[in-house]
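Student: Could you take me closely through one part of this model, namely the cysteines and whatever bonds they may or may not form, and then carry on from there to the aromatic side chains?

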Amino acid sequence: MIRRALDGHWLCISQPEHARLAGAMAEAWGRPPFLPPVPRTEVLRAVAEHDNGWAEWEAAPGLDPAAGGPFHFIEMPVADHLAIWRRGVQRMLERNPYAGLLVSMHGAALMRFRLDPAARTPESDRAAVRTFLVEQERLQTALRKGLAMRSRYREAVASARLTANFRILQFLDALSLLLCCGARERQTFTAVPLGEGQRRTEIEFTPDAEGATLTPYPFTADPARLAATGRLLPSTPLSDLAALHAAWGEAPERSLTFTLRSGAAGT
């Protein structure tokens, strides 16, 4: 759940909806010198569905007592995050093993941040995160070995291409989050892949009233017009979970539109 202030309310955008927005951007990826991902179908599925494990939680969100509203995704308990990622990885594996491999790598990268001293994760939760990371590392090793035996995926699991596809997923996940959260500060993304191998670049994200400019620009449509839909909740703090779920069931939908443009001619 992404919870942001909007017009005196909370606009709550689900994680699967944020992922759908990332997937829409993945479909447009590939303006030279950026190259489309290979295998394209599997990478696009991983990007568009990387948060499918959140569906059950989003249907009945948990209450953040400090805010009096649904948990913003970065405020959730570690145990809830781990359960969601385990479910999401397994769900994706059942749909496609290569997409599942990318989602496992992505989930592990996000949870690995919990071990950073800056995250201030309690030791009891850090132990659970370490267990999760070991599980995912073993799973990824097994998947890479198995996929390497299939002609379609032999090159796709090679280190350079797999890393490039993973970095595309990471970049589009972060870009979608910035848009959905209403980021207002310029940011620079590093190590964005241009294609297979070690060819990478930086992309400067400059937000504006309509969306953002990107320099250099990786999408085939310029401008690219996108949208995400959430639910509007009153910003008045809610007293308990029952009140939240009642308000959630009655909350009207609200769509945000974003326009992405090239930040410099010729990029």
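Tutor: C181 is partly exposed in this predicted model, since its relative accessible area comes to 31%. The count of disulfides is zero, and because a pair of cysteine sulfur atoms has to lie within 2.5 Å to qualify, the distances show how this comes about. For C181, which is in no disulfide, the nearest cysteine sulfur is that of C180, at 6.8 Å. C12 is likewise in no disulfide, and the nearest cysteine sulfur to it belongs to C181, 11 Å away. With a relative accessibility of 2%, C12 counts as buried.

Turning to the aromatic side chains, a search of the whole structure gives seven aromatic pairs. In one of them, W29 and F219, the ring centres are 6.0 Å apart and the planes stand at 75°, so the pair is classed as edge-to-face. This pair links distant parts of the chain, 190 residues apart, with W29 in the loop between helix 1 (15-27) and helix 2 (40-48), and F219 in the loop between strand 7 (211-215) and strand 8 (224-234). Both W29 and F219 are buried.

The rings of F171 and F189 also form an edge-to-face pair, because their planes meet at 85°, while their centres are 4.8 Å apart. Here F171 belongs to helix 7 (residues 159-181) and F189 to strand 5 (residues 187-193), so that the pair ties together parts 18 residues apart in sequence. F171 is buried, at a relative accessible area of 4%, and F189 counts as buried too, at 13% relative accessibility. The four residues just described do not stand in separate groups, for W29, F34, F171, F189, Y217 and F219 form one aromatic cluster.

A ring also takes part in a contact of another kind, in which R3 lies over the face of W10, at 5.5 Å from the ring centre.

Helix 2, which borders the loop that holds W29, has E42, V43, L44, A46 and V47 as its buried residues. These buried residues pack against helix 1, helix 4 (78-95), helix 5 (97-112) and helix 7, and helix 7 is the element in which F171 of the aromatic cluster lies.

Methods: Residues numbered from 1 in each chain as written. Predicted model: local features only at pLDDT ≥ 70, side-chain atom pairs only at ≥ 80, totals over all residues. Heavy atoms only, no water. Phe/Tyr/Trp six-rings, centres within 6.5 Å; stacked < 30°, edge-to-face > 60°. Helix = DSSP H or I, 4+ residues; strand = E, 2+ residues; numbered from the N terminus. Buried < 20%, exposed > 50% of the residue type's maximum accessible area, 1.4 Å probe, protein only. Lys NZ or Arg CZ within 6 Å of the ring centre and 35° of its normal. Contact = heavy atoms within 4.5 Å.
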